[in-house]
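Me: I'd like to learn how to read a model like this one, feature by feature. Can you walk me through it?

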Protein chains: 4
Amino acid sequence: MTSLGFVGLGVMGGRMVSRLLKAGYPVRGYNRTRSKAQWLVDAGMHWGDTPRAVAEAADVIFSMVTDTTALQAVIAGPGGLLAGLGPGKIYADMSTVSPAASRDLAAQVASRGAQMLDAPVSGSVSTLEEGRLSIMVGGNRAAFEKVHPILRAIGPKVTYVGGNGLAVSMKIAINLSLAVQMLAFSEGVLLAEKSGISRETAVEVLLNSVIASPMVKYRGPFVLRMPEEAWFDVRMMQKDLLLALEMGRQLGVPLPSTAVTNEVLTAARGMGLGEKDFAAVVEVLARLSGPTK
Amino acid sequence: MTSLGFVGLGVMGGRMVSRLLKAGYPVRGYNRTRSKAQWLVDAGMHWGDTPRAVAEAADVIFSMVTDTTALQAVIAGPGGLLAGLGPGKIYADMSTVSPAASRDLAAQVASRGAQMLDAPVSGSVSTLEEGRLSIMVGGNRAAFEKVHPILRAIGPKVTYVGGNGLAVSMKIAINLSLAVQMLAFSEGVLLAEKSGISRETAVEVLLNSVIASPMVKYRGPFVLRMPEEAWFDVRMMQKDLLLALEMGRQLGVPLPSTAVTNEVLTAARGMGLGEKDFAAVVEVLARLSGPTK
Amino acid sequence: MTSLGFVGLGVMGGRMVSRLLKAGYPVRGYNRTRSKAQWLVDAGMHWGDTPRAVAEAADVIFSMVTDTTALQAVIAGPGGLLAGLGPGKIYADMSTVSPAASRDLAAQVASRGAQMLDAPVSGSVSTLEEGRLSIMVGGNRAAFEKVHPILRAIGPKVTYVGGNGLAVSMKIAINLSLAVQMLAFSEGVLLAEKSGISRETAVEVLLNSVIASPMVKYRGPFVLRMPEEAWFDVRMMQKDLLLALEMGRQLGVPLPSTAVTNEVLTAARGMGLGEKDFAAVVEVLARLSGPTK
Amino acid sequence: MTSLGFVGLGVMGGRMVSRLLKAGYPVRGYNRTRSKAQWLVDAGMHWGDTPRAVAEAADVIFSMVTDTTALQAVIAGPGGLLAGLGPGKIYADMSTVSPAASRDLAAQVASRGAQMLDAPVSGSVSTLEEGRLSIMVGGNRAAFEKVHPILRAIGPKVTYVGGNGLAVSMKIAINLSLAVQMLAFSEGVLLAEKSGISRETAVEVLLNSVIASPMVKYRGPFVLRMPEEAWFDVRMMQKDLLLALEMGRQLGVPLPSTAVTNEVLTAARGMGLGEKDFAAVVEVLARLSGPTK
């Protein structure tokens, strides 16, 4: 069976490895903080002392980190993932970075004789645990075919979208809808509430309507009670909207609903809500609204 | 069994009556153009020569027409529905009119000793046929309780939201999300396409993602091929967004994503797409976008 | 010399009559509250007991009231202005009403053998006092030519724009820029302030820059200290923006900056600032912004 | 008299030097393309072979280039301006770069014992020629006082706004208003035109109204006929709006009218108008609008 490597064993990455182990794959993993990965070692994962060690020992290597800076930290240098790659190996990065950064990295990987795929996911921890995660893949088609069955063990919906960098482009195109849907949902809730409907009833009806995407179902209840811990915070979401707006400018695609939503996220940060779940857009509107009748 | 009346036997109203007949209710119906109702008469519906005749013969009367003007036409005058109402009767209007207009009508109904409910629906013809329609109800609670089982024969999700006019308020709060979700979806599709992903693939991925509300699933494919006949056209949708924006102004609720979407609908009308399905927002953005790579 | 009539002797109308008297015209005036017009009677104005009496006694009649409702009140009924019109007379309404309402009224005036012009003004009390008011005129060209010298006694910039209703259309097109310019100015002031520049300095620099329209020069200092009394309040401005957006929809002209500004005005009302000068948009943004460095 | 250096003798920089020479200052100048500076040498300017040579020979040195990249090119390296600075010298950069980039450069200048000011201008070539240019200055106050009389020879309105980087912040705050005012003006013109007023008349009336800032007066006629050569093109303006939006995000200042205007500029680029004057926003709206009545 293909031997796997996995760098970045946080909330998402750790659960992915857990699924891969259950599917019978041998996995060697690395995490900046080793203690957080102990549960995976207990479950059968091999430990690698550096990203390079993980890459050297595996046929297919995955990474899952928070942003471009964190990716750079595990990729570069003498102990970095890149140094461990070589001919025949496939490296799939599941992080969300800019399409340009992803393509740059793919070129470096190719210069070492290996192949890179960008494979970002759509969905949160609970989507992953329920086995309903979507994975988009960009890069060489043949490399994709080899990795396809492994990705299916992580999430059932795997789609090949085209060349390097296109999967992260697709991911960003999804995320802008997430943010805009949440803003539109909040506008609907507040309009109903100020009309005289209880907020609880408004949420219930909206969750039973044709606008109830899985995202709306997850986050809708947040307008009744914001979660202690953000699933995806205002700053992370704004990072993705900025990538979208920047792509829009370069490609000449106007994104009016995205631009307006981005300003509401800016307002959320101005109000000190930058580390709250992005459902905090409802708080921005509420602060501007008249007293409830 | 309660005897029912139904005024307005168009695409939606006709199918509702069909479901009521199948559930065993005796129904007397009226439509401006009688020939369009023949299939219901064949199925056992009694014909009423005027809205008034329908109202006089029934315990509970429904209406389902396109807008305030059409509603006025079946309500008012010597042969109108209002003239046929009296003590003990319940009248449920399922049309989408402004909350203020609905409350005015409720007062007129009350002055004749009857009770009115506003009972707009969320969903389209196919939702209705699949037995998944949502119905929101506003008005007197006791009147709602009497009508509740009948409404459940039309659609399974029936929610009482509060006093007169509040159900249409709720309906408008839903519809603004429909329009905004469609715009955000279109922005995502075009951004992906200009990045180099085929439009077909972009749609497929988005329909498999957490943004895929039932609305997005219905209308998403329209960005690949617009339907010959609009399910809900730009002008109808703009009518609802105007109601939302007007309510927002009166209640002091800013609706930034709704306002921006409304301007894109205005642009669609400027481009001559007023009678196309509101999925035509994608055409507005496409016209403004650079050539596909 | 042409005998003049003037209905509506408030802040603007009164000062207009004062200028007409100084220019040597005989003027008969009417105001709902007579006491407020005493200073004009002292200055030589004749009093008319009703709008009709004013219209009957004059060759050219003006009106200047706050909105459509107020206009209706002086126009209609047995003592109304309309009843006093007849062949050869010219009636110029200087109020800002909707283009459609203005055209309707013009048709009524024509049916009495008289001619109507819409002649709204751009500028405030101080502009008027400084003799720098702009007047736009819509209606029959020959009627305009007769009234032209009289209007020039009120304000020096008189422009004929076309048929009935077009001058109020033009006025609305101006007012949307007023509101948007104020919002853009406020964005600039706050951005500078949060960067570390004092608000006073930011205002000073902006007032010395190429964005300093007369409106910006008047209202810019309001972001340092809001005036006790609004020059033009949020609700009045929103009334005009609604007319603009409604016209945009009908004519198929998207108005993105107007739509966004209108939502900020809605927010201002939500915050209880509806009766403040529309410079209050700065308060909306300030409430959403982070603490000043 | 203080000896001056000037790096960057393009359209703006060249005319500034011309004014400084006329004021009697000895000036040594450098330009990438020497031939473009011949007219200044003819007028008495000394030539410097490198930016460094210019800096070494002068007490006060100015630079005026198009963007951060161009600035880097004249600053860095063995022949760069920075290498020619030393104790007692003052360097004033008049380019528009990001506040952060400007502050970084100021620190480098300080490490060589010299002092830097950021001194961007507001206004175009014609404003400069008419002697009405505004100059904003950030940096050490004492350094500003020394340079003040020299700057006044360039443009009469010189304002000290605070520490390093604050003048470019202020400049960006001005420029967002430029772009938004142009969009609002275009909305007004099109709304008037679709109402039935000729575009020429609409422009004339707007230019006589209280919205007529110097910018509107310069660029208003462009909606009748776009200039062959852009004064300030869509891409340059979008560069400044992006700086504004980025600052807004960092400082938590929502900029709704700026964000919407930026998307219209994106649309302009999508339509292939990136190198047209930013008055091209009118073309974007026109393409979306219905046929003129």
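Me: Let's start with a single residue. Where is the place of W231(B)?

Reply: Before anything else, keep in mind that this is a predicted model. To place a residue, look for the helices or strands on either side of it. W231(B) sits in a loop of chain B, with α10 (214-219) on one side and α11 (234-251) on the other.

Me: Does W231(B) count as buried, exposed or partly exposed, and why?

Reply: You go by relative accessible area: under 20% is buried, over 50% is exposed, and partly exposed is in between. W231(B) comes out at 42%, so it counts as partly exposed.

Me: What is W231(B) in contact with, leaving aside its neighbours within four places in sequence?

Reply: Leaving those neighbours out lets you see what the fold brings together. The contacts of W231(B) are S124(B), S126(B), Y218(B), R219(B), F222(B) and D277(B). You can also compare sequence distance with distance in space: K276(B) is 45 residues from W231(B) along the chain, and their C-alpha atoms are separated by 8.5 Å.

Me: Now a residue in a strand. Where is M116(A) found, and which residues does it touch?

Reply: Same routine: element, burial, contacts. M116(A) belongs to strand β6 (residues 115-118) of chain A. It is buried, with a relative accessible area of 4%. Outside its sequence neighbours up to four places away, M116(A) touches Y91(A), D93(A), S102(A), L105(A), A106(A), V109(A), G138(A), G139(A) and N164(A). As for spacing, the C-alpha atoms of M116(A) and L85(A) are 10 Å apart, with their positions 31 residues apart along the chain.

Me: And V27(D): which strand is V27(D) found in, and is V27(D) buried or exposed?

Reply: V27(D) lies in strand β2 (residues 27-30) of chain D. Its relative accessibility is 1%, so it counts as buried. Beyond residues up to four places away in sequence, V27(D) touches L4(D), F6(D), V17(D), L20(D), L21(D), M45(D) and H46(D). For G274(D), 247 residues away along the chain, the C-alpha separation from V27(D) is 36 Å.

Me: Can a loop residue be read in the same way? Where is G131(A) found?

Reply: Sure. G131(A) is in the loop of chain A that runs between α6 (125-129) and β8 (134-139). With a relative accessible area of 19%, it is buried, the cut-off being under 20%. Apart from residues up to four places away in sequence, G131(A) touches R19(A) and P156(A).

Me: On to helices. How far apart are the end C-alpha atoms of α12 of chain D, and what should its residues span?

Reply: The idea is to work out an expected span from 1.5 Å a residue and check it against the model. Helix α12 (residues 256-270) of chain D has 15 residues and should span 21 Å; its end C-alpha atoms are 21 Å apart, which agrees. Burial can be read for a whole helix too: 14 of the 15 residues of α12(D) are buried, so the rest of the structure largely encloses it. After α12(D) comes G272(D), with a positive phi near 85°.

Me: How do I describe two helices that meet?

Reply: Use the angle between the axes and the distance between the axes. Here, α8 (residues 166-195) of chain C and α12(D) have axes that come within 8 Å and cross at roughly 110°. That makes α8(C) roughly perpendicular to α12(D). L183(C), A184(C) and E187(C) from α8(C) make the contact with P256(D), S257(D) and T258(D) from α12(D). By class, that is three nonpolar, two polar and one charged residues.

Me: Which residues of helix α9 of chain D are buried, and what covers them?

Reply: List the buried residues, then look at what lies over them. In α9 (residues 199-207) of chain D, the buried ones are R199(D), T201(D), A202(D), V203(D), V205(D) and L206(D). Their cover includes β8 (134-139), β9 (157-162) and α8 of chain C, along with α8 (166-195) and α13 (281-288) of chain D.

Me: Last one: what turn and shift lay chain A on chain D?

Reply: For copies, you look at the turn, the shift along the axis and the fit. Chain A goes onto chain D by a turn of 180° and a shift of 0.1 Å along the axis, with an RMSD of 0.1 Å. That is the relation of a two-fold axis. In chain A, A259(A) comes closest to the rotation axis, at 3.0 Å (C-alpha). Also, 100% of the interface residues of chain A are interface residues in chain D as well, so the copies meet through the same surface.

How values were computed
Residues numbered from 1 in each chain as written. Chains lettered and ligands numbered in written order. Predicted model: local features only at pLDDT ≥ 70, side-chain atom pairs only at ≥ 80, totals over all residues. Heavy atoms only, no water. Helix = DSSP H or I, 4+ residues; strand = E, 2+ residues; numbered from the N terminus. Expected span 1.5 Å × (residues − 1). Buried < 20%, exposed > 50% of the residue type's maximum accessible area, 1.4 Å probe, protein only. Axes fitted to C-alpha atoms, helices over the stretch in contact; angles between N-to-C directions. Parallel < 35°, antiparallel > 145°, perpendicular 65-115°, else oblique. Contact = heavy atoms within 4.5 Å. Nonpolar A, V, L, I, M, F, W, Y, C, P; charged D, E, K, R; others polar. Least-squares fit on C-alpha atoms with pLDDT ≥ 70 in both.
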